[in-house]
Amino acid sequence: MVTVPRLVIAAPASGSGKTTVATGLMAAFTARGLAVSPHKVGPDYIDPGYHSLATGRPGRNLDAYMCGTDLIAPLFAHGSAECDLAVVEGVMGLYDGASGQGELASTAQVAKLLRAPVVLVVDASSQSRSVAALVHGFASWDPEVRIGGVILNKVASDRHEALLRDALDESGLPVLGVLRRAPQVATPSRHLGLVPVAERQGDAVDAVRAMGERVRAGCDLDALMALARSAPALADEAWEPAYAVVERPRPVVAVAGGAAFTFAYAEHAELLTAAGAEVVVFDPLRDEKLPAGTAGLVIGGGFPEMYAPELSANEPLRRAVTELALSDAPVAAECAGLLYLARELDGKPMCGVLDATARMSERLTLGYRQAVAVSDSPLAVAGTRTRGHEFHRTALDPGAGPAPAWGMHQPQRRVEGYVQRGVHASYLHTHWAASPEVARRFVEHCRAR
């Protein structure tokens with residue numbers, strides 16, 4: 001039974017201020033001494049880093065496309081256990097989801113699955129009475145989505161605020177906060193969104209603090225907490241990673257971290273641990289050796305293109321990774337990990353495990369994917385179907401090896417990635433909570449060495 005108070009922070013469209021409000025609320029309520037559980041709808045890796053900084057707890061994703069609708073409430077219950085409040089930041093506009101698949105993976109769908117009240121963040125610049133029509137439309141579109149109030153963002157003046165409040169009086173929805181038009185809180189971005197926390201720790205702390213102060217000054221925290229407490233109990237049981245029988249010895253699984261490899265779902269390390277592994281994080285920018293006793297390697301996503309010279313300069317670690325891969329050890333590489341295993345990235349030598357070259361591209365590849373495993377690997381048996389997400393502005397030549405990793409079903413049919421020896425390398429990000437047998441299979445391969 002899940003009884004934690006909860007709010008979903010949504011907006012009519014991207015760019016309305018969801019991240020500022022959601023992160024600011026997390027920081028403001030944490031400053032009040034509450035244990036706040038942070039969540040993000042969709043596959044985003046970067047916003048959860050700011051959420052984690054605001055709350056001191058792992059930022060977790062709720063992705064109905066990759067994990068399925070049945071896992072949303074259990075994953076939420078797992079992340080929010082023993083917390084006083086959960087804040088869920090939405091994705092895109094409230095009703096926007098996986099392309100061409102109705103409400104699937106939308107903020108609205110997640111709100112309904114969690115039976116959580118929604119707070120609509122509205123960019124009120126350049127409008128007054130029209131704001132009531134906009135809010136009314138969003139509130140009435142789906143009767144199962146309960147919009148409990150509005151936070152007005154980018155309000156120009158006291159007079160502007162008064163006009164907006166008068167208009168919204170007719171909608172019946174309370175105004176729970178007003179944020180004045182102000183210079184953007186310093187959260188620099190690059191080609192894939194905000195710069196990850198790991199790359200700007202000091203500045204990120206200041207940015208999160210500023211968000212918290214702004215939201216605390218402009219929002220009615222007591223009314224927001226009362227709204228959160230109105231969420232009914234959920235009957236779902238919490239997701240539990242400890243599904244596997246732990247055997248000895250525990251194989252060491254090295255997981256790449258640091259500034260170059262920041263894209264990771266918290267549940268992956270939990271599943272590896274539950275499957276019997278000892279998870280050890282290392283930094284390819286700094287560490288010249290893999291962790292002692294490494295039996296398997298996981299290299300997730302991130303921004304290796306921003307650190308290509310430094311990654312290339314760490315020749316001892318590149319040699320260690322190559323030797324491990326050539327020994328048939330299980331290696332799981334996603335996106336940034338794929339580039340790191342290539343022969344070179346933007347002309348800089350990488351590990352050379354894969355006979356491929358990578359470079360920055362003008363084209364952003366972004367979207368959910370349906371895929372089927374083409375080749376047997378430490379992650380999957382050929383024929384296994386999965387759902388994932390691509391999110392990169394790089395290109396690999398060739399894009400697939402003699403034994404590809406995945407066959408994609410959309411947006412067009414193609415094969416992608418590499419399976420060779422124990423290596424499974426691909427651009428596709430997957431969420432292992434949807435298929436926990438992935439972690440078990442990976443650890444079994446590590447143990448069998």
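The second largest cavity in this predicted model holds about 30 Å³ of space. Its lining is made up of Ala325, Leu326, Val353, Gln420, Arg421 and Val423. By residue class, four of these are nonpolar, one is polar and one is charged. Two cavities of 30 Å³ or more are counted in the model, and the largest has a volume of about 40 Å³. Rolling a probe the size of a water molecule over the atoms is what reveals such empty space.

Ten residues line the largest cavity, and those nearest its centre are Gly302, Glu305, Cys335, His392 and Thr394. The lining splits into five nonpolar, three polar and two charged residues. Strand 17 supplies the largest share of this lining, with four residues.

Strand 17 is therefore a convenient element to follow next. The strand covers residues 385–397, and Thr386 is found in it. Is Thr386 buried or exposed? With a relative accessible area of 18%, Thr386 is buried, because the cut-off for that class is under 20%. Setting aside residues up to four places away in sequence, Thr386 touches Arg369, Gln370, Ala371, Trp406, Leu428 and Thr430. Arg387 lies over the face of Tyr65, and the distance to the ring centre is 4.6 Å.

Phe391 belongs to strand 17 as well, and it leads to the aromatic residues. A pair of aromatic rings is described by the distance of the centres and the angle of the planes. Eight aromatic pairs are counted in the model. One of them is formed by Tyr45 and Tyr265, which are stacked at 4.6 Å centre to centre with 25° between the planes. This pair links distant parts of the chain, 220 residues apart. Tyr45 sits in the loop between strand 2 (36–41) and helix 2 (47–55), while Tyr265 sits in the loop between strand 10 (252–256) and helix 10 (266–274). Tyr45 counts as buried at 9% relative accessibility, and Tyr265 is buried with a relative accessible area of 4%.

Phe263 and Phe391 form another pair, with ring centres 6.5 Å apart and planes at 20°. Why is the pair of Phe263 and Phe391 stacked? The planes stand at 20°, and planes under 30 degrees apart count as stacked, so the pair falls in that class. Phe263 lies in the loop between strand 10 and helix 10 and Phe391 in strand 17, so the pair ties together parts that are 128 residues apart in sequence. Phe263 counts as buried at 3% relative accessibility, and Phe391 counts as buried at 15%. Ring pairs join Tyr45, Phe263, Tyr265, Phe303 and Phe391 into a cluster.

The backbone around strand 17 also deserves a look. Asp397 and Pro398 are joined by a cis peptide bond, with omega at about -5°. Pro398 lies in the loop between strand 17 and strand 18 (406–408). On the other side, Val374 is found in the loop between strand 16 (357–373) and strand 17. Val374 is partly exposed, with a relative accessible area of 35%. Which residues does Val374 contact, leaving aside its neighbours within four places in sequence? They are Ala382, Pro404, Ala405, Trp406, Gly407 and Val415. Trp406 is thus in contact with Val374 and also with Thr386.

From Val374 the path goes to Ser106, 268 residues away along the chain, with 29 Å between the two C-alpha atoms. In that part of the sequence, Ala105 has a positive phi of about 70° although it is not a glycine. Ala105 is found in the loop between strand 4 (85–89) and helix 5 (107–114). At 4% relative accessibility, Ala105 counts as buried.

Arg115 likewise has a positive phi, of about 50°, without being a glycine. Arg115 is placed in the loop between helix 5 and strand 5 (118–123). Arg115 has a relative accessible area of 46% and is partly exposed, whereas Ala105 is buried.

Technical notes
Residues are numbered from 1 along each chain as its sequence is written. This is a predicted model: local features need pLDDT of at least 70, side-chain atom pairs count only at pLDDT 80 or more; totals for chains, interfaces and linings use all residues. Side-chain values use heavy atoms; hydrogens and water are left out. Helices (H or I, at least four residues) and strands (E, at least two) are DSSP runs, numbered from the N terminus. Buried means under 20% relative accessible area, exposed over 50%, partly exposed in between (1.4 Å probe, protein chains only). Contact means heavy atoms within 4.5 Å. On a 1 Å grid over the protein atoms alone, a cavity is a set of points where a 1.4 Å probe fits but cannot get out, and a pocket is an open set with protein on both sides within 12 Å along at least five of seven lines; lining residues have an atom within 4 Å of a point. Grid points are joined across faces, edges and corners, and a volume is the space filled by probe spheres set on the points. Ala, Val, Leu, Ile, Met, Phe, Trp, Tyr, Cys and Pro count as nonpolar, Asp, Glu, Lys and Arg as charged, and the others, Gly among them, as polar. Rings of Phe, Tyr and Trp (its six-membered ring) pair if their centres lie within 6.5 Å; planes under 30 degrees apart count as stacked, over 60 as edge-to-face and the rest as tilted. A charge sits over a ring if NZ of Lys or CZ of Arg is within 6 Å of the ring centre and within 35 degrees of the ring normal.
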